[in-house]
Amino acid sequence: MPQTLVHRLSMTGPDDTAGLAAAIRDGRIRPDAIVAILGKTEGNGCVNDFTRGFAVQSLRLELARHLPPAAVDRIALVMSGGTEGALAPHALVIEVRPEDQERAGPALAVGQAVTRDIRPEELGRRAQAEVVAEAVAKVTADLGISDPADIHFVQIKCPLLTMERVAEARARGVTTATTDTLKSMGLSRGASALGVALALGEVPDAAVTDAAIGTDRSLYSTRASTSAGVELLGHEIVVMGMSPRWSGPLRIDHAVMADGIDIEPVRAALARLGLASPGQLPAADRDRLVALLAKAEAPSTGRMRGFRHTMLDDSDISSTRHARGFAAGALASLVGHAEIFVSGGAEHQGPDGGGPVALIVR
């Protein structure tokens with residue numbers, strides 16, 4: 001039975017691979033077993049956030065010291081920009097080792113896929129959702145998971161539009177969903193999330209239309225986390241769930257926050273995983289919490305719990321940056337540290353103003 005190992009490595013910058021190199025050197029990480037690396041980098045998380053590409057390049061160069069090019073290419077490198085507030089830059093290195101005879105399942109199972117490159121005119125439309133849905137369904141089956149309820153988180157890196165990509169589409173006589181490159185990030189995130197919702201049966205198939213993407217907030221996935229970047233044209237998808245065909249010490253569960261300060265569902269998920277605490281997690285339990293991943297966004301109504309917020313009115317700072325820092329502070333107060341993976345922009349990822357959260361516990 002295969003087993004999953006997850007290593008959380010602190011980073012001093014987007015090009016910091018020292019922790020990964022040391023873990024490989026010490027034998028704590030087997031490079032041939034790595035299937036994905038998820039990272040938080042300290043850029044702005046917007047269209048021109050090149051810290052994501054810088055981090056990917058740095059990781060690929062380090063991995064190339066230990067693996068042949070084809071083996072490096074099969075590893076999903078999902079970088080999420082933006083560490084506002086006290087969010088700590090870090091990487092989650094995920095290994096899948098072939099067998100573990102000591103522990104019976106079910107246990108954390110992780111699989112990944114890279115989709116074909118999508119055309120600019122597909123981005124933010126039904127066609128993009130279908131590409132993602134097909135990939136998620138295939139990975140789920142490969143993990144030996146038959147019940148979609150056992151999938152707890154799907155992390156996706158998806159593309160965005162640049163003016164060059166828009167112009168290329170126009171030259172072929174087709175239109176794109178938007179010509180606003182920043183808006184394209186939200187549409188791509190939303191279409192990707194609805195692809196997850198389709199694969200997991202969370203929304204009716206007929207409801208996912210071009211017109212619904214980015215507008216119908218009643219349609220969402222409770223387990224999708226999508227992040228858009230300029231550094232790719234397809235999708236890098238990491239599926240996490242509980243499979244009876246897997247073994248090992250790690251377990252995963254998820255929660256859905258209704259807004260950026262709704263930590264009680266997260267506390268309940270921690271309790272289901274054996275980390276019950278009326279307040280902040282005690283230090284002894286923090287080491288058992290291997291990873292916390294969450295989505296965050298500003299409520300579209302301009303109000304949170306009846307009070308006005310200004311995240312959508314700030315012309316200097318993107319609302320996604322406000323939301324990341326805000327939700328991260330609330331979650332950090334619960335778990336006792338801020339080395340957590342909070343991604344901004346939760347279009348069709350949880351209810352309006354909220355977002356899914358995943359917890360991996362040893």
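Q: Does L67 count as buried or exposed?
A: This is a predicted model, in which local features need pLDDT of at least 70, side-chain atom pairs count only at pLDDT 80 or more, and totals for chains, interfaces and linings use all residues. Residues are numbered from 1 along each chain as its sequence is written, and side-chain values use heavy atoms, without hydrogens or water. Buried is under 20% relative accessible area, exposed over 50%, partly exposed in between (1.4 Å probe, protein chains only). L67 has 10% relative accessibility, so the residue counts as buried.

Q: Where in the fold is L67 placed?
A: Helices (H or I, at least four residues) and strands (E, at least two) are DSSP runs, numbered from the N terminus. L67 belongs to neither of its flanking helices; its place is in the loop between α2 (51–63) and α3 (69–73).

Q: How far apart in space are L67 and D32?
A: In sequence, 35 residues separate L67 from D32. From C-alpha to C-alpha, the distance is 6.9 Å.

Q: Why does D117 count as neither buried nor exposed?
A: D117 sits in the loop between β5 (107–114) and α4 (126–142). Its relative accessibility is 48%. D117 therefore counts as partly exposed.

Q: What C-alpha distance separates D117 and L232?
A: The two are 115 residues apart in sequence. L232 is also one of the residues nearest the centre of the second largest pocket. C-alpha to C-alpha, D117 and L232 are apart by 8.1 Å.

Q: What phi does R305 have?
A: R305 lies in the loop between β11 (303–304) and β12 (307–308). R305 is not a glycine, yet its phi is positive, at about 55 degrees.

Q: Does H348 count as buried or exposed?
A: H348 is found in the loop between β13 (341–344) and β14 (355–361). Its phi is positive, near 60 degrees, in a residue other than glycine. Relative accessibility is 7%, so H348 counts as buried.

Q: What distance does helix α9 reach from its first C-alpha to its last?
A: α9 covers residues 319–335, 17 in number. The expected span is 1.5 Å times one less than the number of residues. That expectation is 24 Å, and α9 comes close to it at 24 Å.

Q: Which residue takes a positive phi just after α9?
A: The buried residues of α9 include A330, L331, A332, L334 and V335. Just after the helix, phi turns positive, at about 90 degrees, in G336.

Q: Which residue has its ring face under K40?
A: A charge sits over a ring if NZ of Lys or CZ of Arg is within 6 Å of the ring centre and within 35 degrees of the ring normal. K40 lies at 5.7 Å from the ring centre, over the face of F341.

Q: Which element gives the most to the lining of the largest pocket?
A: A pocket is an open set of 1 Å grid points, over the protein atoms alone, where a 1.4 Å probe fits, with protein on both sides within 12 Å along at least five of seven lines; lining residues have an atom within 4 Å of a point. The largest has a volume (space filled by probe spheres set on the points) of about 770 Å³. Of its 44 lining residues, the closest to the centre are G186, R189, R217, E297 and E347. With 6 residues, the element giving the most is α6.

Q: What is the volume of the second largest pocket?
A: Its lining has 14 residues. V56, L77, E231, L232 and E236 lie nearest its centre. The volume is about 210 Å³.
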